[in-house]
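Here's a quick walk through a two-chain model, written for someone who likes the cut-offs spelled out. Have a look at it first, then read on.

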Amino acid sequence: MEICGGQTHAIVKFGLDELLPKEIELVHGPGCPVCVTPLELIDKAVQIAQRKDVIFCSFGDMLRVPGSEVDLFGIKARGGDVRILYSPLDALKIAKENPTKQVVFFAVGFETTAPAHAMAVYQARQQGIRTSRAGLARSGAARDGGDSGLR
Amino acid sequence: MCLAVPGKIISVVGEDLARQARVDFGGVLKEVNLAYVPEAKVGEYVLVHVGFAISVVDEEEAGKVFGYLKEMGELGELAELSPENPGVKQ
């Protein structure tokens, strides 16, 4: 069993599953929030990250996920303000330091990560940082689209 | 995204949901929010995911997990981002 969507992608793309002897059964594993993020969400993230008034923040592994044409690393290479964060709370610091920008955090994750995103929204409101839509781009359970935007 | 990493609490500031700790991950210090483990104290080990402690673990278990992660080469990203410069690779 492979456990990462990136591994599944490589296996299927290069036909590795067809090269295995028949005695071996390959079972595709669960993957993580990164690899089950729909292509349309990556494309949306790419569009937002290209805007001049946006600082686009994300966990590092999301930057390598390909969109229809380009990934977030590609937008960063072209001059987009794309930042890799360790914690959603770091987006609050960036928002306070850049009051004229819209700070968007790509809030991907399952149940383990949801409390972290919730805390970022909660603390933003406690600290008077204006938040726009708090619909989270979450893979898995609740998918209401949109991004956690902090302004 | 996939991993939670164990570290040792070195110091704590703040209260309630804003309670923050300096956590030592094998020499790398990072700020961690303790809102979800209100019982965690200085000297204890916590499992950390995206900047939040999600559970308290015992020292022996923490040591084992940290060793496995080091072996797998999964600790590189910890050293690249510092709490003083969030979002900036060092």
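## Chain B, chain A and what joins them

In chain B, residues 24 or more positions apart account for 34% of the contacts with a separation of 6 or more; a contact here means two C-beta atoms, placed from the backbone, within 7 Å. For chain A, 68% of the contacts between residues at least 6 apart in sequence join residues at least 24 apart.

Before going further, some housekeeping. This is a predicted model, where local features need pLDDT of at least 70, side-chain atom pairs count only at pLDDT 80 or more, and totals for chains, interfaces and linings use all residues. Residues are numbered from 1 along each chain as its sequence is written, while chains are lettered from A and ligands numbered from 1 in the order in which they are written.

The two chains are set out below. Helices (H or I, at least four residues) and strands (E, at least two) are DSSP runs, numbered from the N terminus. A residue is buried if 20 or more other C-beta atoms lie within 10 Å of its own, exposed if 12 or fewer, and partly exposed in between, with C-beta atoms placed from the backbone.

| Chain | Helices and strands | Order along the sequence | Buried |
|---|---|---|---|
| Chain A | 6 helices, 4 strands | α-α-α-β-α-β-α-β-α-β | 36% of 151 residues |
| Chain B | 2 helices, 5 strands | β-β-β-β-β-α-α | 27% of 90 residues |

Now for the strands of chain B, which pair if DSSP finds at least two bridges between them. Strand β1(B) (residues 5-13) runs antiparallel to β4(B) (residues 45-49) over 4 bridges, and Gly7(B) sits opposite Val46(B) there. β1(B) also pairs with β2(B) (residues 20-25), again in the antiparallel sense, over 5 bridges; in that pairing Ser11(B) faces Arg22(B) of β2(B). The β1(B)-β2(B) hairpin has 6 residues between its strands, and Gly14(B) takes a positive phi near 80° in it.

Val46(B) turns up again in the largest nonpolar core, a set of 49 residues in which Cys57(A) and Val46(B) have the most contacts. Such a core is made of buried Ala, Val, Leu, Ile, Met, Phe, Trp, Tyr and Cys residues joined through C-beta atoms within 7 Å. Helix α3 of chain A (residues 39-49) gives the most to this core, with 5 residues. Beyond four places in sequence, the contacts of Val46(B) include Pro6(B), Ile9(B), Val23(B), Val32(B) and Val57(B).

Where do the chains meet? 17 residues of chain B are in contact with 22 residues of chain A. On the chain B side, β3 (28-33) and β5 (52-57) are the elements giving two or more residues. That side divides into 10 nonpolar, 4 polar and 3 charged residues, where Ala, Val, Leu, Ile, Met, Phe, Trp, Tyr, Cys and Pro count as nonpolar, Asp, Glu, Lys and Arg as charged, and the others, Gly among them, as polar.

Helix α1(B) (residues 59-72) has a length that checks out: at 1.5 Å a residue (times one less than the number of residues), its 14 residues should span 20 Å, and its end C-alpha atoms are 20 Å apart. The number buried in α1(B) is 1 of 14, so the helix lies largely in the open. Gly73(B) follows α1(B), with a positive phi near 70°.

Over in chain A, Ile94(A) belongs to helix α5 (residues 89-97). Ile94(A) counts as partly exposed because it has 19 C-beta neighbours inside 10 Å.
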